[in-house]
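Welcome! Let us take a walk through this structure together, one stop at a time.

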Amino acid sequence: MTHYQSHLLRLLDTRGYIHQLTDAQGLDALALKQVVPGYIGFDPTAPSLHVGSLVQIMMLRRMQQAGHKPIVLMGGGTGKIGDPSFKDEARRLMTAETIASNVASIKGVFEKFLTFGDGPSDAVMLDNADWLDALEYIPFLRDIGQHFSVNRMLSFDSVKTRLDREQSLSFLEFNYMILQAYDFLELSRRAGCRLQMGGSDQWGNIVNGIELSRRVDGTQVYGLTTPLITTADGGKMGKTMNGAVWLNADALTPYEYWQFWRNTQDADVGRFMRLFTDLPLDEIARLEALAGSDINEAKKLLADAATAMAHGQDAAAAAAETARRTFEEGASDANLPTVSIGSQGLTVVQANVALGFATSNKEARRKLGEGAIRVNGAVVTDPAALLAPGDKVSFGAKKHGMIVA
């Protein structure tokens, strides 16, 4: 591990957030000397962020814990284009109304993780639509566009990936990296921002912004990227059979969120605790060393801590109690996910698909054949079996749902 002097870089380093730094020594020295405002951008592509954004949100939280100033930048402007980084195809363009609605919906998540206000290390939320929407094309091309080499832009991995596959990269998307670089310049001017952070796929965009600030204003700014967070088996963090693990409670219940963390692979427990909770490092070291079934207690603590941060202590306690009663006592509980019978009746196959336990009727039938599906504790193998209100459906050992009228 590198020996950093500043509390900021020591904290980020010991908890596993640092992948690349543009100038480690310079940033370390700056963080010793002053409160460093640092930003991460979030494009409002959906009404909720998901767990894939959580390492970035937690980095802003760590900044604040180290006495520095987090800036949450909502991409109300760049969201009108979409980041082409490592995407297989262009994003569907969103209307201004959809973007505004998504921004409003996402904002609440950050208030759970950060303290907003007017103090030196209080978080602020800005929207790049405030300056991007007002840009005039010709002056922008003349003042900012002259600093970008198309040859260099074509060399970035995010662009090369699309071109190598002979997939279309629109001129609109190609502009995205210029606009992101311009965001850093604007934030440097408006908020004294000196640091941009992001995932490892953002490295090229961040370097662009650093160079632009130096060329246009002569300002020294810094960049930091996080490693790509994968699970121990090489899978992508936050991808489950049932789709994205959303951070908004109206998109994913606190119980399902708790369950996601409870299902962490043994080898990931310590790393995820360092990244996604505030548990002390010595406590984490003790917990990740647990062997056999004892590691399940550590997983419950991870689930409790992560859920409390996103949804509050009460929701975390309720989720843990639901899990305890469901798995240890076999009791039903109102917090379990539900599916309605409807007027047509509901088969056990349809119920498992509707609850998101199986991705298709075919998979549900296969699981029935394997004896992996139970109704009220009894194995069911008939795909046409009809369910009634009050029935409890179990898919494997960990997924349970209730049938309601």
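The paragraphs below visit a few helices, a strand and a surface patch.

Before setting out, please keep in mind that this is a predicted model.

Our tour begins with helix α2, which spans residues 24–33. Several of its residues are hidden from the surface: G26, L27, D28, L30 and A31 are buried. What do the buried residues of α2 pack against? Their partners are helix α1 (7–14) and three strands, namely β1 (20–21), β5 (195–199) and β6 (222–226).

Next, have a look at a pair of helices. Two packed helices are described by the angle between their axes and the distance between the axes. Here the pair is helix α3, residues 54–65, and helix α13, residues 269–276. Their axes lie 9 Å apart, and the packing angle is about 55°. Angles from 35 to 65 degrees fall outside the parallel and perpendicular ranges, so α3 and α13 are oblique to each other. If you would like to find the contact in the model, look on the α3 side for L54, V55, M58 and R62. They meet R274, L275 and F276 of α13.

Helix α4 comes next, covering residues 96–113, and K112 is one of its residues. Is K112 buried or exposed? The answer lies in between: its relative accessibility is 45%, so K112 counts as partly exposed. K112 also shows how the chain brings remote parts of the sequence together. Its C-alpha atom is 8.0 Å from that of G312, although the two residues are 200 places apart along the chain. Leaving aside residues up to four places away in sequence, K112 touches R61, M309 and A310.

Now for a spot on the surface. Y137, I138, L141 and F171 make a nonpolar surface patch of about 450 Å². Which element gives the largest share of this patch? Helix α6, residues 137–143, does so with 3 residues. I138 belongs to this helix. With a relative accessibility of 56%, I138 is above the 50% cut-off, and therefore counts as exposed.

The last stop is strand β13, residues 399–404, where H400 is found. In contrast to a surface position, H400 has a relative accessible area of 5%, and because this is under 20%, H400 is buried. What surrounds H400? Not counting residues up to four places away in sequence, H400 touches T326, F327, L336, P337, F357, R374, K392, V393 and S394.

Definitions and conventions. Residues numbered from 1 in each chain as written. Predicted model: local features only at pLDDT ≥ 70, side-chain atom pairs only at ≥ 80, totals over all residues. Heavy atoms only, no water. Patch = residues over 30% accessible without salt bridge, like charges linked within 9 Å, V, L, I, M, F, W, Y side chains within 5 Å. Areas by Shrake-Rupley, 256 points an atom, 1.4 Å probe, with all protein chains shown as cover. Salt bridge = Lys/Arg side-chain N within 4 Å of Asp/Glu carboxyl O. Helix = DSSP H or I, 4+ residues; strand = E, 2+ residues; numbered from the N terminus. Buried < 20%, exposed > 50% of the residue type's maximum accessible area, 1.4 Å probe, protein only. Axes fitted to C-alpha atoms, helices over the stretch in contact; angles between N-to-C directions. Parallel < 35°, antiparallel > 145°, perpendicular 65-115°, else oblique. Contact = heavy atoms within 4.5 Å.
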